[in-house]
Structure formats: C-alpha cells, structure tokens
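Reader: I am new to reading protein models. Can we go through one together, step by step?

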Amino acid sequence: MKQLFDELSYSVSKITTQKYSTSFSLGILALKPSIRNAIYAIYGYVRLADEIVDSFHEYDKEKLLNRLKIETQNALEERISLNPILQSFQETLHKYDIDTVLIEQFLNSMEMDLQKIDYNSALYDKYIFGSAEVVGLMCLQVFTEGNKEKFQELKPYAMKLGSAFQKINFLRDLKDDYQILGRTYFPNVDMAVFDNHIKCQIEKEIEEEFKEALIGIKKLPNSSMFGVYLAYKYYISLFRKIKRKTSSEILNSRVRVSDPQKVVVAFKSYVRYKIAMM
C-alpha cells in the first residue's frame with residue numbers, strides 16, 4: 001500500500017528535522033498533531049537543499065542542486081517521488097495548495113550560495129526573501145489551512161519572523177560562513193573591519209523585526225500559535241547570547257543554546273503562553 005510509503009516519507013522528514021534542529025523539533029511538537037507532518041516535510045526539504053550548498057564540499061554542488069531542482073519539478077508534476085523527503089514535500093504542497101513560485105525563489109537563493117557574491121542591500125534582501133521569508137510563507141499556508149484571507153493578513157509578519165531568524169543565523173554562523181565557506185552576507189560590510197558598531201546595527205534590525213513578528217504570532221490560529229511562539233522564544237534566547245558577545249567573539253566561535261537551556265525556555269514559554277490565554 002502506498003500509505004506505508006507515505007508514512008515512511010514523513011518519518012524520514014521528521015527524523016531529518018530532529019537530527020538537524022532541536023529547536024524546530026520541539027516547536028513542531030507544540031503544533032496541532034494534524035499539521036506537524038507538513039512542517040516536518042517543509043523543514044526536511046529545506047534542509048536537504050541547504051546541506052547541498054553548505055556541506056557537500058567534495059562533490060559538484062551545482063550539479064547536485066540542479067538535480068534536486070529537476071527532481072522537485074518531476075515530483076510536483078507526477079505527484080510522487082522515490083526520494084522520501086521529496087515525496088512528503090510534494091504531498092504537503094498539493095495538500096495545502098502551496099504556491100510553487102515560493103519553491104523557485106527558495107532554490108534561487110540556494111543557487112546564490114554557490115557563487116562568490118559581494119552583497120549590496122538589494123542582493124541581501126533578495127537572498128533573505130528566498131532563503132527564509134518564503135519558508136515562513138510555506139509554513140503559514142499550512143497554519144492557515146486554506147484560509148486565504150487569514151494568510152494575506154499574516155503574510156508580512158511571517159516574512160519578518162523568517163528574516164529575523166535568518167539574520168540571527170548569519171550572526172551565529174559568522175565564523176564558518178566567513179572562514180570556511182568564504183561568504184559574507186551583510187551588505188557593504190568588510191569582514192576585516194567587522195566591529196561592535198556594525199554588530200549593534202544588525203541587532204537593532206533584528207529587534208525591530210521580532211517586535212513586528214510577535215504581533216503576527218498572536219494572531220495565528222490556536223493550532224499553531226504556541227509552536228511558532230516557542231520557536232520565536234528559542235531564537236530570542238540565542239539572540240540574547242549573541243548580543244552579550246563581542247564582534248571578535250562571534251567571529252571566532254559559534255554561539256549556541258544548550259539542550260537543557262532549551263528545556264527551560266520551553267517550560268517558561270508554556271507558562272507565559274497559558275497565562276496570556278487565560
């Protein structure tokens with residue numbers, strides 16, 4: 001029965017999410033059970049593409065990414081794929097009528113990671129939109145479950161949250177991106193003179209985006225509100241750790257939140273959420 005293959009496919013996406021992100025895994029567990037598999041499927045696909053451009057250094061990354069693009073198109077057209085992650089992803093896209101333009105924009109940003117780019121403001125915004133904001137929009141289409149009016153209302157907030165998450169990732173991964181992958185995302189910034197002043201400017205942008213994103217989180221359906229709020233709180237805790245570091249420190253080490261700290265964040269977030277709902 002194909003149902004067994006579908007179950008296997010979603011399980012692979014779930015395991016992929018759990019393997020790569022404790023934070024998102026816990027956030028997804030806080031979602032309504034009926035929508036969890038769809039978010040696992042989206043994360044699994046995004047992670048697959050991300051690994052190609054970030055980790056497969058001994059292989060032809062461009063060739064692999066092009067193959068993923070072709071296999072994605074085939075999966076969407078044929079409504080099946082022998083790749084379990086692609087299978088769960090195409091099932092999710094069709095079930096929630098997710099706009100395939102979002103997939104194209106995401107893959108375009110992944111292609112940008114294969115090039116040596118000196119980012120200006122326009123390219124920076126383009127990359128963040130394709131790599132993070134569209135992922136937020138894909139998830140939002142699942143959260144709103146076909147309610148197009150609700151989707152349009154929450155769309156700008158989802159984009160702000162995705163952007164804030166991505167900029168925090170940039171700061172967290174600054175050492176590896178710059179020293180190993182040779183990437184510099186922040187526009188018009190010479191990493192040789194990256195200092196606390198530049199770091200503070202980026203942090204102010206993130207703070208403003210978080211403020212706007214929280215407005216939208218509070219307007220989400222109950223089925224997804226706490227799960228997204230929890231992911232938001234995880235990133236807030238990471239952001240606070242980054243803010244306490246100097247520019248030199250984040251250039252030389254990767255900041256992370258330990259698993260025990262994440263459990264504490266989860267408990268405190270749940271208490272605050274329940275109080276707010278009372």
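Reader: Is I28 buried or exposed, and what is its relative accessible area?
Author: This is a predicted model, where local features need pLDDT of at least 70, side-chain atom pairs count only at pLDDT 80 or more, and totals for chains, interfaces and linings use all residues. Residues are numbered from 1 along each chain as its sequence is written, and side-chain values use heavy atoms, with hydrogens and water left out. Buried means under 20% relative accessible area, exposed over 50%, and partly exposed in between (1.4 Å probe, protein chains only). I28 is therefore buried, with a relative accessible area of 4%.

Reader: Which helix holds I28?
Author: Helices are DSSP runs of H or I with at least four residues, strands are runs of E with at least two, and both are numbered from the N terminus. The run that covers residues 22–29 includes I28, and that is helix α2.

Reader: Which residues does I28 touch, not counting residues up to four places away in sequence?
Author: Contact means heavy atoms within 4.5 Å. With sequence neighbours up to four places away left out, I28 touches T17, R36, I39 and Y40.

Reader: What separates the C-alpha atoms of I28 and S224?
Author: Along the chain, I28 and S224 are 196 residues apart. In space, their C-alpha atoms are separated by 8.7 Å.

Reader: Where is Q141, and is it buried or exposed?
Author: Q141 belongs to helix α7, residues 121–143. Its relative accessibility is 13%, so Q141 counts as buried.

Reader: What does Q141 touch, not counting residues up to four places away in sequence?
Author: One of its contacts is D97, found in the loop between α5 (84–95) and α6 (100–112). The full list is Y96, D97, I98, D99, L102, G146 and F151.

Reader: What is the phi of D97?
Author: Most residues other than glycine have a negative phi. D97 is not a glycine, yet its phi is positive. The value is near 50 degrees.

Reader: What is the phi of E145, and where is E145 placed?
Author: E145 is not a glycine either, but its phi is positive, at about 45 degrees. At 41% relative accessibility, E145 counts as partly exposed. Its place is the loop between α7 and α8 (148–172).

Reader: How many salt bridges does a search of the whole structure find?
Author: A salt bridge is a side-chain nitrogen of Lys or Arg within 4 Å of a carboxyl oxygen of Asp or Glu. Among the residues involved, K2, D6 and E91 are linked in a network of salt bridges. The search finds 17.

Reader: What is the distance between the closest N and O atoms of D173 and R172?
Author: D173 and R172 are both buried. For D173 the relative accessibility is 16%. The two form a salt bridge, with the closest N and O atoms 2.9 Å apart.

Reader: How many residues apart in sequence are the parts that R254 and D173 tie together?
Author: R254 forms a salt bridge with D173, and their closest N and O atoms are 3.0 Å apart. R254 lies in the loop between α12 (247–252) and α13, and D173 in the loop between α8 and α9 (174–179), so the pair ties together parts that are 81 residues apart in sequence.

Reader: What separates K211 and E208 along their helix?
Author: Their side chains meet in a salt bridge (3.7 Å, N to O). K211 is exposed at 56% relative accessibility, while E208 is partly exposed at 45%. Because K211 and E208 are three residues apart in helix α10 (residues 196–217), they are separated by about one helical turn.

Reader: Which residues form the nonpolar patch on the surface?
Author: Patches are made of residues with over 30% relative accessible area and no salt bridge: like charges are joined within 9 Å, and nonpolar side chains (Val, Leu, Ile, Met, Phe, Trp, Tyr) within 5 Å. Accessible areas come from the Shrake-Rupley method with a 1.4 Å probe, and for residues only the protein chains shown count as cover. Together the members have about 310 Å² of accessible area. They are F267, Y270 and V271.

Reader: Which elements give two or more residues to the positive patch?
Author: Lys and Arg count as positive and Asp and Glu as negative, while His and the chain ends are not counted; a charge is placed at NZ of Lys, CZ of Arg, CG of Asp or CD of Glu. R240, R244, K245, K268 and R272 gather in this patch on the surface. The elements are α11 (222–244) and α13 (259–277).
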